[in-house]
Amino acid sequence: MMFSFLIITTLLLGLLFYLYTFKEVNTINLRFLINLSLPIGIGISSVLFIVFNLFGLSTNLIVLIEIALVVFLFYILKKQYKVCYKLEWLDLKKLFLNSILLIITIIYFYALLLDIIIFLAESIEFPHGLWDAWGDWNLGAKFIARDPYGWSKTFHQIISTMFHMDYPLLQKGFIAQCWMVIGNETVWVPIAFCFIFTFCSIGLLSASVSYFTNKTNGLIAGLVMLCSPYFMTMGDSQYADNTIGYFYLATIILLTFARSGVKMKPAFLIAAGISAGLAGWTKNEGLLFILLLFASQLPLLFYKNYRQLFHELKYILFGMLPILILIGYFKVYIAPPNEIISAQGIETLSKITDYSRHEIAIKWYYHEISKFGDWIINPWWLFLLGILFNGLSIKQNRETIISNLTLLLLMLLGCYFVFIIADLELEFYLHTTVHRLYFQLFPSFIFLYFISLNVKRDKV
Amino acid sequence: MKKYILKTYYFIKKFAILPLLCLMIWQQWESFLVHEEKIVKPTAYIQKYYDNDYTSVYGRRYEELKKYINKPCHITYFGDTNLNTSTILMHYYQTQYFLSPNIILNDSLARDTILYNMYFTLHIDLENNFYLKNGWKLIKDFNNGLILIAK
């Protein structure tokens, strides 16, 4: 009961925030809005919870503050912006007129239902999740929930040679908040958390591809995710990879919204900044993502002057700044030192120049891409087939495609160098990490792929 | 000729989606087969696994022990040693998971409290235990491999 109440509060928090953001776009797909609102609401709620908890406020008071924020956002929205939102759901009439669309919709819902059943069944078999879940994410949540006023002083003392207690607290914080509100450490909270992020990733991808191209492509994009068995495995194992992958995707979609149309939309850039900040608040890879997000904008200097670009980056930074401050505080005062960074020194250069380390890393990058996602047939040829039949067109979303593809490539390259310089057993590290890195980036890649295809676009 | 090729191309393009959809149905069918037991016989599956998984069962060993630890403290941890590294670490991390917010340290520095987690061997040699011979007290042997001693 209390858990449902908290979930509704976070949904409303995200929903009102995005209704405010979308004031410049009159038609909103409701599916798109909900898939965006709930996870972002959870992220904002996690930030608020940790901030106020560090100030010594009780959990019930923090929940009341969140409710007050919902009421405040509702008041602002009602008073200042009298926008008539046209909410779209499923157009059944259109669906039955197009037989291919109808077939795809049926397959989509069949795959969705099967994946939901598999997710729940796997969650019953492993209710505490797999290794990283109980050894890191849920462990951190238990620490916060069981010692709400003392955890920040003891957190750095948890010895973890395999897991990373220096990872930020989005997942741990929200799960702990729910446990404290409910008064019970039920395993259904982390299960529900991962369920939301796994299925909202698919929903958001599908709805956004539909918006920018057409409904058929939107459903196929969602189907690609639904049919990737490993994506479900990552979700029900309660790892944070789907969570961070969601925030990468949301950032890229919001940047695409910001730069679509005649003029740039600052509200979307701020929302993209918040989403990128939440990626940083989820895992350390998110911090690399934030850094490379700014670096990936540089190719846009070929298309616009630096003042204009700087103006846009200011909005992104403004959105993520409060979260960056919180991450900074966490890293300096609460978390143990990062084992990769603290191990750097004179030997870093020798690792970078060690040919054998590069050989191993490249071998694993290739190996994981060749058996990607546990598909019965490697899915990469499908993407090539799509390009072959449709061709590519970057005319409509040129800026977003160039900058965000650069961002994904930089992420692969950035993580590659992290693997090279890490003071961990390289083969083991790559074996446990590379496939997860691919899956973090996969939803964003699919989105960029579909908006780059030269296909007939639905009128918005 | 050119017109014919173009016509064929557009025909293939129009229906190119069908093999893709077939592949996706095939993929989901494979997923179904992997999880068939869970989907076809859900009641039996839930009865078999619900609250009966390895981690939950492992965690129940700590329920009584928790009553002996009143406030967050640092505990020295010793576990079974004749195991592979992965299993040793798993037992250690699960102990940390179930006993948090206490800090469990496996660095063999003796603190005020020591926990033995002898999951396989179940007992320690109490008569020849170094700490017990040097004035430490046995708080409780929980008879499930967990033994708590303190100064």
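## A strand in chain B and helices in chain A

Strand S3 of chain B (residues 113-117) is mostly covered, with 4 of its 5 residues buried; a residue is called buried if 20 or more other C-beta atoms, placed from the backbone, lie within 10 Å of its own, exposed if 12 or fewer do, and partly exposed in between. Do keep in mind that this is a predicted model, in which local features need pLDDT of at least 70, side-chain atom pairs count only at pLDDT 80 or more, and totals for chains, interfaces and linings use all residues. Residues are numbered from 1 along each chain as its sequence is written, while chains are lettered from A and ligands numbered from 1 in the order in which they are written.

The pairings of S3(B) are set out below. Strands pair if DSSP finds at least two bridges between them. Strands (E, at least two residues) and helices (H or I, at least four) are DSSP runs, numbered from the N terminus.

| Partner of S3(B) | Sense | Bridges | Citation |
|---|---|---|---|
| S1(B), residues 74-79 | parallel | 5 bridges | |
| S5(B), residues 146-150 | antiparallel | 5 bridges | |

On the S1(B) pairing, B:Tyr77 stands opposite B:Leu115 in S3(B). Turning to S5(B), its residue B:Ile149 faces B:Ile114.

Chain B as a whole is divided into domain 1 (2-49) and domain 2 (55-150), with bounds that come from an automatic or database domain assignment. The C-alpha centres of these two domains lie 50 Å apart.

How do the chains meet? Contact, meaning C-beta atoms placed from the backbone that lie within 7 Å, links 38 residues of chain A with 35 residues of chain B. On the chain A side, helices H5 (99-125), H6 (131-146), H7 (151-154) and H19 (380-390) each supply at least two residues. The largest share, 12 residues, comes from H5(A). By class, this side has 29 nonpolar, 5 polar and 4 charged residues; Ala, Val, Leu, Ile, Met, Phe, Trp, Tyr, Cys and Pro count as nonpolar, Asp, Glu, Lys and Arg as charged, and the others, Gly among them, as polar.

Elsewhere in chain A, helix H9 (residues 188-212) has 25 residues and reaches 35 Å from its first C-alpha to its last, close to the 36 Å expected at 1.5 Å a residue, a span taken as 1.5 Å times one less than the number of residues. Because 22 of its 25 residues are buried, H9(A) is largely enclosed by the rest of the structure.

Definitions and conventions:
Contact = placed C-beta atoms within 7 Å.
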